[in-house]
Amino acid sequence: MGLTQLPTRTFYWVSQVGMLLGTAVYVNVGTQLGQLESLKGILSPGLIASFVLLGLLPLIAKRVVDAIKARRVYQGHQRPDKFDRNLIVIGAGSAGLVTSLIGATVRAEVTLVEAHKMGGDCLNYGCVPSKALIKSAKMVHMARHSSHYGIASMPVTFSFADVMDRVHRIIKTIEPHDSVERYRGLGVDVVQGRARIVSPWSVEIAVQDEHEQPTGEMRTLTTRNIVIATGAQPLVPPIPGIDQLEVLTSDNIWNLRELPERLLVLGGGPIGCELAQSFARLGSTVIQVEMVSRLMSREDPEISAMVMERFASEGVDVRVNHKAVRFEVSDGRKVLVAERLDADNAQVEIEFDSLLCALGRSARIKGFGLEDLEIPVSQRRTVEVNEFLETNYPNIFAAGDVAGPYQFTHTASHMAWFAAVNALFGRFKKFKVDYSVIPWATFTEPEVARVGLNETEAKEKGIAYEVTRYGIDDLDRAIADGVAHGQVKVLTVPGKDRILGVTLVGEHAGDLIAEFVLAMKHGLGLKKIMQTIHIYPTLVESNKFAAGEWQKAHAPTRLLAYVKRFHDWERG
């Protein structure tokens, strides 16, 4: 506390109080020890109680400090004598659904409020529709390259509208998993409407009908705990002239009925890359603009290069080091003026028909009463939470994309467990959210999946590492399937098989990474993976062969020399 910026007077009285309590407890223990006359005295009630008090002192002090902080933040708010609910969850995306389900499972009274569609962004605008589109585009691509599989030609005729109809059918098929009916059947009180937190213990709901139209009914519910799970939305930057365009995003691109002839994709992250490749395979002329020097900049440079090389071979016009300056629209002609961030910083014009903005997503933090309660947001414009997912109000939590730090559906579900358990049982035991092993994948071709550190991050953080690689072009099943490209790249502690991180590039990388996720989560090294039987011929053998490459590099050469001499001796 001596390094903390606070007035000397405050530091003095806090130090005195702390030392007084600590001294009293330690002196008490010392006194009890000093009164020992025999070994039997070790089990005396007084001595046992003294040691128990010594152990509990830090916990009691923390509880007292937390209570003082809570009293300050709740000042001016009237706490109800009774509560209508144990938990109110705002937002029915992945984090909200899992939080409410856990609450209902442990028999808490839970209300889940959703203003739009159950299932959130992943079901309706993100994971599900994008993977459906990727699959259709892959089928078209494979048919057009059928000679690669020994089939001379395979004519392809399709309607883009039919492809989009399939996307929506898949959404409809999965919808019941996240439906109002299902969650009500599981014991969750689902309310369609717009929620606003009006006090730390009450939420006002403007009820809507099944068509998302206001009914005029207002409901106010009191609750012991609140979880904010409002997700995120596509980020559309204020580039001059963009307001003259109908901007496509990952939210509304699924409403298209005609394939864009020339599609301009702004952004080289996962969303931009997945959609750029899919539309190119379906027949659009795709120009992808990225401000930095490569696509997928969170990955290692050689991984980005693999993806960019594949994109170029499929006709995607990738413009890296290009900064969007302004849009111009005249006589139906749409142009992006971009600055080329190289030696001459020249401006170039890029003509297009449709614009897809894929520059990331921003947390939904407006309109839920956070400003009125002065709940702080971070520099990344997400709700600021501590390691227990608490906001500045100990009974108000945030989980999923609205809180970050990762905007993945599986991470939102992971955070939801901590939010639900800490909200409902935090008075007895709190759990710190664990981000130590977070996997993710980009579903381009080749797929790119990762868990833990990559080489770029290890260098930035000054972490010592070794790199082991296995090229999937050598894998029997990959050769048979015609997907012999990519690699397994493993970072380990120098001289040891403990895994620091893995990047996997290739067919089904998002599935194959699971073995490494399990290994890292439970402290298993590459030796354990190598000792595990993998079915032949499968793609997952690549994991075992990567472990084998590590083993080769760490073979006990001195011991093997002695073994050779032993075998030589045995032959006489």
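Glu 299 lies in the loop between β9 (285-289) and α9 (301-313). In this predicted model, Glu 299 counts as buried because its relative accessibility is 4%, under the 20% limit that defines the term. The points below begin with the surroundings of Glu 299 and of a second buried residue, Ala 280, and then turn to strands, aromatic rings and charged pairs.

**Two buried residues and their contacts**

- Leaving aside neighbours within four places in sequence, Glu 299 is in contact with Arg 294, Ser 304, Trp 440, Val 448, Arg 450, Asn 454, Thr 456 and Thr 503.
- Ala 280 belongs to helix α8 (residues 270-282), and its relative accessibility of 13% places it among the buried residues.
- When neighbours within four places in sequence are set aside, Ala 280 is in contact with Val 286 and Val 316.
- Ala 280 and Gly 119 are 161 residues apart along the chain, and their C-alpha atoms are separated by 29 Å.

**Strand β13 and its partner**

- Strand β13 (residues 347-352) has side chains that alternate between two faces.
- On one face, Val 348, Ile 350 and Phe 352 are buried; on the other, Gln 347, Glu 349 and Glu 351 are not buried.
- Strand β12 (residues 333-340) runs antiparallel to β13, and 6 bridges join the two.
- Within this pairing, Gln 347 of β13 is the bridge partner of Glu 339.

**Strand β20 and its two partners**

- In strand β20 (residues 487-492), 6 of the 6 residues are buried.
- Gln 487, Lys 489 and Leu 491 point one way from β20, whereas Val 488, Val 490 and Thr 492 point the other way, and all are buried.
- Strand β19 (residues 466-471) is joined to β20 by 6 bridges in an antiparallel arrangement, with Gly 471 standing opposite Gln 487.
- Strand β21 (residues 499-506) also pairs with β20 in the antiparallel sense, over 6 bridges, and here Gln 487 stands opposite Val 505.
- The hairpin of β20 and β21 has 6 residues between the strands, and Gly 495 takes a positive phi near 80° in this hairpin.

**Aromatic rings**

- The structure holds 12 aromatic pairs.
- One of them is the edge-to-face pair of Phe 327 and Phe 352, with 5.9 Å from centre to centre and 80° between the planes.
- This pair links distant parts of the chain, since Phe 327 is in strand β11 (residues 322-330) and Phe 352 is in strand β13, 25 residues apart.
- Phe 327 counts as buried at 4% relative accessibility, and Phe 352 is buried with a relative accessible area of 1%.
- Tyr 406, Phe 408, Tyr 435 and Trp 440 form one aromatic cluster; Trp 440 is also among the contacts of Glu 299.
- The charged end of Lys 429 sits over the ring of Phe 431, 5.6 Å from its centre.
- The charged end of Lys 430 sits over the ring of Phe 388, 5.4 Å from its centre.

**Salt bridges**

- Side chains of opposite charge can pair when their charged atoms come close.
- The count of salt bridges in the structure comes to 35.
- Arg 361 and Asp 121 meet in one of these, at 2.8 Å from N to O.
- Arg 361 lies in strand β15 (residues 361-363) and Asp 121 in helix α4 (residues 120-124), so this pair ties together parts that are 240 residues apart in sequence.
- Both Arg 361 and Asp 121 are buried, the latter with a relative accessible area of 16%.
- Asp 121 also meets Arg 364 in a salt bridge of 3.2 Å, N to O.
- Because Arg 364 lies in the loop between β15 and β16 (396-398) and Asp 121 in helix α4, this pair ties together parts that are 243 residues apart in sequence.
- Arg 364 counts as partly exposed, at 21% relative accessibility.
- Asp 372 and Arg 196 form a salt bridge of 2.5 Å, N to O.
- That pair links distant parts of the chain: Asp 372 is in the loop between β15 and β16, and Arg 196 is in strand β3 (residues 189-199), 176 residues apart.
- Asp 372 counts as exposed at 55% relative accessibility, while Arg 196 is partly exposed at 29%.
- Asp 300, Glu 302, Glu 455, Lys 459, Arg 469 and Lys 489 are joined into one network by salt bridges that share partners.

Key. Residues numbered from 1 in each chain as written. Predicted model: local features only at pLDDT ≥ 70, side-chain atom pairs only at ≥ 80, totals over all residues. Heavy atoms only, no water. Buried < 20%, exposed > 50% of the residue type's maximum accessible area, 1.4 Å probe, protein only. Helix = DSSP H or I, 4+ residues; strand = E, 2+ residues; numbered from the N terminus. Pairing = 2+ DSSP bridges. Contact = heavy atoms within 4.5 Å. Phe/Tyr/Trp six-rings, centres within 6.5 Å; stacked < 30°, edge-to-face > 60°. Lys NZ or Arg CZ within 6 Å of the ring centre and 35° of its normal. Salt bridge = Lys/Arg side-chain N within 4 Å of Asp/Glu carboxyl O.
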